[in-house]
Structure formats: C-alpha cells, structure tokens
Amino acid sequence: MVATMTEECGEVARVMNYLYGDKKKKEGETLEDLKEELADLLFTIICIANDQNISLVEAHERKLEKIYHRDNNRYQRK
Ligand SMILES: [Mg+2]
C-alpha cells in the first residue's frame, strides 16, 4: 500500500507539473485529472490507516489542533 501511495503521489505531482510546472500538458489533461489523482491518493491513505487501525478523524483533529494552536504563529501570513 505504501508503494501504491507513493505511485499515486507521483501521479498528483505529474498533473501539477503539467498544470503549473515546466512539463508540457498532455492532451486532454484537466483539473478533473488532479481531482481524480488526489482522490486516488486519499484512498490509499485511508486504506493504510484502516489496515493499521488508525482513526484518521482523530489524527486529523489532532493535526488541526496543532496547526491552530501550537503552530499558530509559526509561519508568516501572506
Ligand atoms: Mg491515480
């Protein structure tokens, strides 16, 4: 699953590179493809969490807690 996740991450990077980077866009490549690749990546993450009996809801809440409290002034706002 980690290999699959890495592959999906690469697919997200590839679409982003086509859309905003130096790589030329493939014919027919759209933001829909980015949406699909992000969904693929999310699915693999969910599968890994399920396999490891990890609650992503709980992990996400903890992450938000960190971002909004501990790291609130860590980065300069744009
Ligand atoms: Mg994919």
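Tyr18 sits in helix H1, which covers residues 2-20. Helices here are DSSP runs of H or I with at least four residues, strands are E runs of at least two, and both are numbered from the N terminus. The model is predicted: local features need pLDDT of at least 70, side-chain atom pairs count only at pLDDT 80 or more, and totals for chains, interfaces and linings use all residues. Residues are numbered from 1 along each chain as its sequence is written.

**Around Tyr18**

- Tyr18 is partly exposed, because 17 other C-beta atoms lie within 10 Å. The cut-offs: buried means 20 or more other C-beta atoms within 10 Å of the residue's own, exposed means 12 or fewer, and partly exposed is in between, with C-beta atoms placed from the backbone.
- Leaving aside residues up to four places away in sequence, Tyr18 touches Lys23, Lys25, Lys26 and Glu29. Contact means that two C-beta atoms, placed from the backbone, lie within 7 Å.
- Thr30 is twelve residues from Tyr18 in sequence, and their C-alpha atoms are 9.3 Å apart.

**Overall fold**

- The protein chain has three helices and zero strands. Along the sequence the pattern reads α-α-α.
- The radius of gyration is 16 Å, well over the 12 Å that the globule rule gives for 78 residues, so the chain is more spread out than a compact globule. This radius is taken over C-alpha atoms, and the rule is 2.2 Å times the number of residues to the power 0.38.
- The C-alpha trace spans about 45 × 40 × 20 Å along its principal axes.
- Buried residues make up 1% of the 78 residues.
- Of the contacts with a separation of 6 or more, 61% join residues 24 or more positions apart.

**Helices H2 and H3**

- H2 has 21 residues and should span 30 Å at 1.5 Å a residue; its end C-alpha atoms are 30 Å apart, which agrees. The expected span is 1.5 Å times one less than the number of residues.
- Just after H2, Asn53 takes a positive phi of about 55°.
- H3 (residues 56-70) has 15 residues and should span 21 Å at that rise; its end C-alpha atoms are 20 Å apart, which agrees.
- H3 is hardly covered, with zero buried residues among its 15.

**Confidence**

- Mean pLDDT for the protein chain is 89, and 100% of its residues reach 70 or more. pLDDT is the predictor's confidence in each residue, from 0 to 100.
- Among the elements, H2 (residues 31-51) has the highest mean pLDDT, 94, and H3 the lowest, 91.
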